[in-house]
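Biologist: I'd like to go through this one with you and hear how each label gets earned. Can you put it up on the screen?

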Amino acid sequence: MRLSVAAAPEIAPAVQQIAQQWTAGGAEVSGTCVAVDVADENPADIAGAVSRDHDVALAGLGTAPESVVVPDVWLPDSSTWLLRLQQEAPGFKPTKIASVAQSPLVLAMPEPVAKNFGWPDKKMAWRDLLAQFGTESTLQVGIVDPTRDAAGLTSLLAVGANAGTTQEGKLKKVQVLTALAENRSALREELLQQFPKSTDANDLGNSLQAAPLSEEDVVAFNAQRPAVQLSALYMEPAPQPLDYPYAVMPQVVDTQKAAAADALLAQLAGAGFKENLATVGLRAPDGTYGSGFQAPVGAPAASPAVKSSSSSEGGGKAASGVSGKELSQAVGSWVATTLPGRVLAVFDVSGSMDKAVPTAGGATRAQVTQEAARGGLALFNNKWAVGVWRFSTKLDGNLPYKELVPITPLTSGRQRLQESISDLDPVPAGNTGLYDTVLAAYKEVQKNWKAGRSNSVILFTDGENLNEDGLEQGEFLDQLKKAVDPKRPVRLVLIGIGNEVNKAELDKISATVKGSGVFIAQDPARISDIFLEAIGTRTGAN
């Protein structure tokens with residue numbers, strides 16, 4: 001019996017060594033010999049293969065070619081991959097998940113640059129790093145694309161948590177993400193090549209000066225004895241480490257193969273594996289390391305332990321406490337800041353939007369939605385084109401919707417779009433012409449569809465269709481289905497506000513357009529989070 005294992009490239013040699021020792025010693029389960037095939041695979045490639053097999057897509061990633069096969073056991077560098085996949089494909093449920101290694105997230109800096117910040121005697125807090133952005137002496141900070149790299153995504157979570165939720169904090173977050181986007185790389189190897197090759201002042205000043213990477217990245221880079229070594233700054237507060245989950249994949253239903261996967265996991269949990277990990281620059285799950293570990297200067301003897309989980313069921317959170325929704329919000333921030341897109345934002349202005357939101361200091365649903373719209377617009381970079389509609393009933397003759405700003409490039413229309421948000425006040429006696437508005441908005445985006453961009457409608461509503469002059473549900477769904485063109489896909493994002501929205505109605509609409517989703521903000525004060533979550537996903541609904 002053969003067991004296939006796809007492991008992140010940095011841990012694959014250690015896994016291969018243990019597997020060889022096990023098979024050489026007569027590996028077997030229930031009398032059947034076991035052979036183990038260990039392949040080093042970029043986690044993004046396997047995630048793309050899982051996405052393909054579940055007919056979903058991760059934002060910014062896409063699907064893998066048929067040549068990439070989903071293994072029996074997957075050992076990526078981070079459980080964030082598992083959570084992102086489960087957020088998009090609820091049917092993806094590995095039967096067992098357990099951390100077998102870890103590597104702390106650090107800020108990698110060329111040693112001459114790090115010394116300017118007091119390294120190795122002085123620690124750096126996240127607030128100190130964030131303060132560097134937007135100043136005359138701004139550091140050249142890079143990042144590996146967070147949609148394709150777990151270290152990059154984990155660092156985005158840390159940026160968001162440490163920037164805070166105040167208006168000033170939100171602006172700082174946009175500033176940081178915009179700066180990081182200018183120095184992003186698709187692969188860690190590409191990013192590492194941007195660090196200085198000499199101690200010449202010009203080289204140090206014009207090269208990459210910092211990047212959030214794993215401790216293992218720094219260990220591996222320095223092992224090559226470069227002219228300029230990298231220091232590892234252990235940030236405060238410490239972000240979640242890469243936790244290297246061992247995941248038995250859902251397609252493993254044969255009891256003997258499942259037993260073989262469990263037996264291999266037991267081998268990786270043995271004391272000897274800690275020494276194997278040390279030779280490839282990784283720590284054991286408890287945060288300690290073996291005798292062969294080449295610890296960076298200032299490295300702690302033990303980092304916080306990773307808690308292992310025996311199954312994928314448990315509320316959709318990793319052992320670290322990070323949820324799939326939080327990851328989608330972080331990805332959404334990045335997508336809006338870095339990728340090009342076209343979006344028509346459609347806002348409910350029916351009378352019910354004038355209801356007060358207790359958790360927002362008494363502001364109305366319309367006011368908290370307007371605030372979320374302003375924040376979202378500030379996040380979109382100038383590669384986006386955005387339009388704004390409002391809808392209720394009889395806003396333009398018998399039409400329930402009215403265009404405020406056509407889909408306009410933000411390079412020229414940002415100010416006009418910002419000003420239009422003030423025109424989203426509720427209509428006191430207005431009802432909700434949902435069906436006619438959704439159909440018209442969908443066709444509007446489809447009309448001038450652009451290849452190579454995300455073409456989407458994002459609609460905010462707090463109710464259900466109430467429009468005597470409009471389409472009935474059956475007629476509307478038939479027309480929407482006919483309008484769908486697989487060659488010109490338009491994503492339909494429906495954001496429900498409050499506890500009076502008809503989710504079942506929104507689900508029916510979403511089910512008609514592949515790749516669309518329904519997102520409910522039961523507490524309207526959380527619309528900003530829900531908006532980012534919607535941007536950061538590509539399929540499914542919550």
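Biologist: This is a predicted model, fine, but which residues does T338 touch, leaving out those up to four places away in sequence?

Modeller: T338 touches A181, R184, N381 and K383. Contact means heavy atoms within 4.5 Å, so each of those four partners has passed that test.

Biologist: What makes T338 buried rather than exposed?

Modeller: Its relative accessible area is 2%. The label needs a value under 20%, so T338 counts as buried. As for its place, T338 is in helix α13, residues 324-338.

Biologist: Which backbone oxygen lies by the polar side-chain atom of T338?

Modeller: That of W334, at 2.7 Å. A polar contact needs an N or O pair within 3.5 Å, and 2.7 Å meets that distance.

Biologist: How do you know that α7 and α13 pack against each other, and at what angle?

Modeller: Two packed helices are described by the angle between their axes and the distance between the axes. Here α7 (residues 167-182) and α13 pack at about 65 degrees, with axes 10 Å apart. On the α7 side the residues are K173, L177, T178, L180 and A181, and they meet S333, W334, T337 and T338 in α13. That contact divides into 4 nonpolar, 4 polar and 1 charged residue.

Biologist: Is the crossing left-handed or right-handed?

Modeller: α7 passes α13 in a right-handed crossing.

Biologist: On to the core. Which residues touch the most other members of the largest nonpolar core?

Modeller: M109 and F380, out of 71 residues. Setting aside residues up to four places away in sequence, F380 touches A336, V343, V386, L410, R414, F531 and I535. There's also a second, separate core of 57 residues, with V15, W81, F92 and A98 among them.

Biologist: F531 sits in α19, I take it. Why is that helix called largely enclosed?

Modeller: Because 8 of the 10 residues of α19 (residues 527-536) are buried. They are I527, I530, F531, L532, E533, A534, I535 and G536.

Biologist: And what makes α2 largely enclosed?

Modeller: The count again: 9 of its 11 residues are buried, so the rest of the structure largely encloses α2. The buried ones are P43, A44, I46, A47, G48, A49, V50, S51 and R52. What covers them includes β1 (2-7), β5 (73-75) and α3 (80-88).

Biologist: How do you know that N42 caps the N-terminal end of α2?

Modeller: A side-chain oxygen of N42 lies 2.9 Å from the backbone nitrogen of A44. Set against the 3.5 Å limit for a polar contact, that distance falls inside, so the pair fits.

Biologist: What follows α2?

Modeller: D55, in the loop between α2 and β5. Its phi is positive, about 55 degrees, although D55 is not a glycine. K394 is another residue other than glycine with a positive phi, near 50 degrees, and K394 is found in strand β14, residues 384-396.

Biologist: Back inside α2, why is S51 called buried?

Modeller: S51 has a relative accessible area of 0%, and the cut-off is under 20%, so the label holds. Leaving aside neighbours within four places in sequence, S51 is in contact with V56, A57, L58, T63 and L85. The side chain of S51 also reaches the backbone oxygen of A47 at 2.8 Å.

Biologist: What makes V218 in α10 buried?

Modeller: V218 also has a stated value of 0%, which is under 20%, so V218 is buried. V218 lies in α10, residues 215-223. Its contacts, apart from neighbours within four places, are V106, A108, L230, S231, A232 and P296. The C-alpha atoms of V218 and L230 are separated by 6.3 Å, with their positions 12 residues apart along the chain.

Biologist: Last one: where are the peptide bonds called cis, and what omega do they have?

Modeller: The bond from W119 to P120 is cis, with omega near 5 degrees, and P120 sits in the loop between α4 (111-116) and α5 (126-131). The bond joining E236 and P237 is cis as well, with omega about -5 degrees. P237 is found in the loop between β11 (230-233) and β12 (245-248).

How values were computed
Residues are numbered from 1 along each chain as its sequence is written. This is a predicted model: local features need pLDDT of at least 70, side-chain atom pairs count only at pLDDT 80 or more; totals for chains, interfaces and linings use all residues. Side-chain values use heavy atoms; hydrogens and water are left out. Helices (H or I, at least four residues) and strands (E, at least two) are DSSP runs, numbered from the N terminus. Buried means under 20% relative accessible area, exposed over 50%, partly exposed in between (1.4 Å probe, protein chains only). A polar contact is a pair of N or O atoms within 3.5 Å; within protein, one must be able to donate a hydrogen and the other to accept it, and residues adjacent in sequence count only if both atoms are side-chain atoms. A nonpolar core is a set of buried Ala, Val, Leu, Ile, Met, Phe, Trp, Tyr and Cys residues joined through side-chain atoms within 4.5 Å. Axes are lines fitted to C-alpha atoms, for helices over the stretch in contact, and angles run from 0 to 180 degrees between N-to-C directions. A crossing is left-handed if the near helix is turned anticlockwise from the far one by less than a right angle, and right-handed if clockwise. Ala, Val, Leu, Ile, Met, Phe, Trp, Tyr, Cys and Pro count as nonpolar, Asp, Glu, Lys and Arg as charged, and the others, Gly among them, as polar.
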